[in-house]
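Work through the exercises below with the sequence and the structure at hand. Try each task before reading its solution.

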Amino acid sequence: MLFRSSSSGLGSLAGAASVNLISREVSTLLSGVSLSGASPASVSLSSSTSPSSLTMAGAISLSKGVAGGTTLAIPGSVALNLDGSAASATSAQVSQLTAQGLNQLGISAVDSGDAVAYAGTFGLASNPLIDPADADATTPPRTTTVDTFGASVAINDLSGSTSAALAASSLSTASTPSASPTITAPSISLNAASSGVDLITAAISAEGSKATANAQGALSATAIGGAGAGAENSTTHPISATISGSTIQPAAALNAADAATVTLTASSDERILAVTGGFDIALARVSEDVPKPRSEEHTSELQSRVDISYAVFC
């Protein structure tokens, strides 16, 4: 976008953004169920994911300003690979389960998905002020200002969770062995795992700016150049197996050695490669060149260039 005013100034703004939002949720849930009967019951819940995802976000912005008085050039680039608001989750949950005559309960949640995310940005601003030596000799001295700023940001944020949970439940076997000849102590097993997961993230950001002003024929000249580049890789993946607010009662007639067996397992087998890089450079220069003599031919050529410039910007 370009704009020009009668006070001899020009501004140039450039912006680019690229965003990928990734969200997946896989879950199994058993809630508010009552199980009873003479025969032992077995309950099994399982959730598993094995996706492979590739996301790429890139943004490039270029900005250039040229004028005879005051110029401003601002480029901005943003590239994001983000998990959605709920992130990615794999879960298996049993809650408010009442079971009599329970023999076995198994809850399993396994995530074995791979993910690759690349985010890259590049921004460049150039702001060379027109040489006052080329301006009309009758133009009065003035203040010249050149400002150039740029910013680039690249972010990868891959978050997820894996959980197996038993909550607010009451579990028991039959009260006497006679209710079932094959009665045994209940076996409770919870497993949450991240297995064989490969995560690769790369965030690269680069920004450059240059501002040049010529003080010849001016009351004062100012050149300001600024650049900033940021890159971030963030990966979180909590894994949990939990039992809360639940009672587990084996049959009273069973021996103490036949008490209920409860097993909770949470494991992680992940390989993570994260590459982050950022580069920025800003240059500002004010020169005081000696005016160069101009011939009539040179003046005519300059007037033609000015007419063309006016036709382009107005």
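**Exercise 1. State the accessible surface of the protein and the share that belongs to carbon and sulfur atoms.**

Solution. The accessible surface comes to about 16,100 Å². Carbon and sulfur atoms hold 56% of this surface. Next, look at burial: of the 314 residues, 37% are buried. Then list the elements: the protein has one helix and 18 strands. Finally, take the contacts with a separation of 6 or more: 88% of them join residues 24 or more positions apart.

**Exercise 2. Decide where this model deserves trust.**

Solution. Start with the source: this is a predicted model. Its mean pLDDT is 78, and 71% of the residues reach 70 or more. Now go to the extremes. Strand β16 (residues 239-244) has the highest confidence, at 95. Strand β1 (residues 2-5) has the lowest, at a mean of 36. The pLDDT is below 50 over residues 1-7, a stretch with 13 contacts in the model beyond near neighbours in sequence. Residues 298-314 also stay under 50, with nine contacts beyond four places in sequence. Where pLDDT is low, the predicted coordinates should not be read in detail.

**Exercise 3. Find which residues touch the most other members of the largest nonpolar core.**

Solution. This core has 19 residues. Leu102, Leu105, Ile107, Leu166 and Leu171 touch the most other members. Next, trace the elements. Those giving two or more residues are β5 (41-49), β8 (88-95), β10 (102-111), β12 (143-167) and β14 (187-214). Strand β10 gives the most, with four residues. Now zoom in on Leu105. Beyond four places in sequence, Leu105 touches Val43, Leu166, Leu171, Ser187, Ile188 and Ser189. A second, separate core has six residues, including Ile22, Ala115, Leu158 and Leu199.

**Exercise 4. Give the strand order of the open sheet of four strands, and explain what sets its edges apart.**

Solution. The order is β4-β9-β13-β17, with parallel pairing. At the edges stand β4 (34-35) and β17 (247-249). Each has a single partner strand, so one side of each lacks a neighbour in the sheet. Check one pair: β13 (residues 170-172) and β17 are joined in the parallel sense over three bridges. Within this pair, Ser170 stands opposite Thr247 in β17.

**Exercise 5. Describe the surroundings of Asp114. Is Asp114 buried or partly exposed?**

Solution. First, place the residue: Asp114 lies in strand β11 (residues 114-128). Second, classify it. Buried would require a relative accessible area under 20%. Asp114 has 28%, so it is partly exposed. Third, list the contacts. Leaving aside neighbours within four places in sequence, Asp114 is in contact with Pro51, Ser52, Ser53, Gly196, Val197 and Asp198. The C-alpha atoms of Asp114 and Pro51 are separated by 6.3 Å, although the two residues are 63 residues apart along the chain. Fourth, look for a polar contact. A polar atom of the Asp114 side chain lies 2.9 Å from the backbone nitrogen of Asp198.

**Exercise 6. Locate Gln96 and Ala168 and say what is notable about their phi angles.**

Solution. Begin with the background: most residues other than glycine have a negative phi. Gln96 has a positive phi of about 50 degrees although it is not a glycine. Gln96 is in the loop between β8 and β9 (98-100). Ala168, also not a glycine, has a positive phi of about 50 degrees. Ala168 sits in the loop between β12 and β13. Its relative accessibility is 44%, so Ala168 counts as partly exposed.

Conventions:
Residues are numbered from 1 along each chain as its sequence is written. This is a predicted model: local features need pLDDT of at least 70, side-chain atom pairs count only at pLDDT 80 or more; totals for chains, interfaces and linings use all residues. Side-chain values use heavy atoms; hydrogens and water are left out. A nonpolar core is a set of buried Ala, Val, Leu, Ile, Met, Phe, Trp, Tyr and Cys residues joined through side-chain atoms within 4.5 Å. Buried means under 20% relative accessible area, exposed over 50%, partly exposed in between (1.4 Å probe, protein chains only). Contact means heavy atoms within 4.5 Å. Two strands pair if DSSP finds at least two bridges between them. Accessible areas come from the Shrake-Rupley method with a 1.4 Å probe; for residues, only the protein chains shown count as cover. A polar contact is a pair of N or O atoms within 3.5 Å; within protein, one must be able to donate a hydrogen and the other to accept it, and residues adjacent in sequence count only if both atoms are side-chain atoms. pLDDT is the predictor's confidence in each residue, from 0 to 100.
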